[in-house]
Amino acid sequence: MPSPPLRDWWDYPHECPDGHPWGPGRVIVSWMPCDCPPARAERERGSGHLMVSCEAPGCRSVWYRPWHEPGSASPT
């Protein structure tokens, strides 16, 4: 089945790291407060990450902006 077209404003990757196509109804976009170094560097947006989570069955892939450094700080 072909992927639905992505909107012009969509500036995230077009698929998760596991190769599942992203589009309407196939992702969850959310915010995660965090105090890791990349999140602290983006203080103008608040200390945290924009997260795009893949909704393919069984997939647990998450894309972060800015990049998340697991283990460098605990989510706040």
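Start by selecting Cys-16: at 3% relative accessibility, Cys-16 counts as buried, where buried means under 20% relative accessible area, exposed over 50% and partly exposed in between (1.4 Å probe, protein chains only). Before going on, note that this is a predicted model, in which local features need pLDDT of at least 70 and side-chain atom pairs count only at pLDDT 80 or more, while totals for chains, interfaces and linings use all residues. Residues are numbered from 1 along each chain as its sequence is written, and side-chain values use heavy atoms, with hydrogens and water left out.

**Colour by confidence**

pLDDT is the predictor's confidence in each residue, from 0 to 100. The protein chain averages 80, and 76% of the residues score at least 70. Where pLDDT is low, the predicted coordinates should not be read in detail. Among the elements, strand β1 (residues 27-33) has the highest mean pLDDT, 91, and helix α1 (residues 37-41) the lowest, 87.

**Switch to cartoon**

You should find one helix and three strands, arranged along the sequence as β-α-β-β. Helices (H or I, at least four residues) and strands (E, at least two) are DSSP runs, numbered from the N terminus.

Now pick out the strands. They make an open sheet in the order β1-β2-β3, with antiparallel pairing; two strands pair if DSSP finds at least two bridges between them. On the edges sit β1 and β3 (62-65), each pairing on one side only. Neighbouring strands are turned by 25 degrees against each other on average, direction ignored, with axes taken as lines fitted to C-alpha atoms (for helices over the stretch in contact) and angles running from 0 to 180 degrees between N-to-C directions. Zoom in on β2 (residues 48-54) and β3, which pair in the antiparallel sense over four bridges. Here Val-52 stands opposite Trp-63 in β3.

**Stay on β2: Leu-50**

Select Leu-50, which lies in strand β2. Is Leu-50 buried or exposed? Its relative accessibility is 18%, so Leu-50 counts as buried. Show its contacts (heavy atoms within 4.5 Å): leaving out residues up to four places away in sequence, Leu-50 touches Tyr-12, Val-29, Ser-30, Trp-31, Trp-63, Tyr-64 and Arg-65. Then draw a C-alpha distance to His-68, which is 18 residues away along the chain, and you get 9.8 Å.

**Back to the cysteines**

How many disulfides are there? A disulfide is a pair of cysteine sulfur atoms within 2.5 Å, and by this rule the count comes to zero. Cys-16 is in no disulfide; its nearest cysteine sulfur, that of Cys-59, is 3.8 Å away. Cys-34 is in no disulfide either, with the sulfur of Cys-36 the nearest, at 3.8 Å.

Cys-34 is buried, with a relative accessible area of 0%. Cys-36, in the loop between β1 and α1, is also buried, at 0% relative accessibility. From Cys-36, measure across to His-68: the two are 32 residues apart in sequence and 6.9 Å apart in space, C-alpha to C-alpha.

**One more stop: Pro-66**

Pro-66 is in the segment after β3. Check the peptide bond leading into it from Arg-65, which is cis, with omega near -10 degrees. Most peptide bonds are trans.

**Zoom out**

Of the 76 residues, 34% count as buried. Residues 24 or more positions apart account for 43% of the contacts with a separation of 6 or more.
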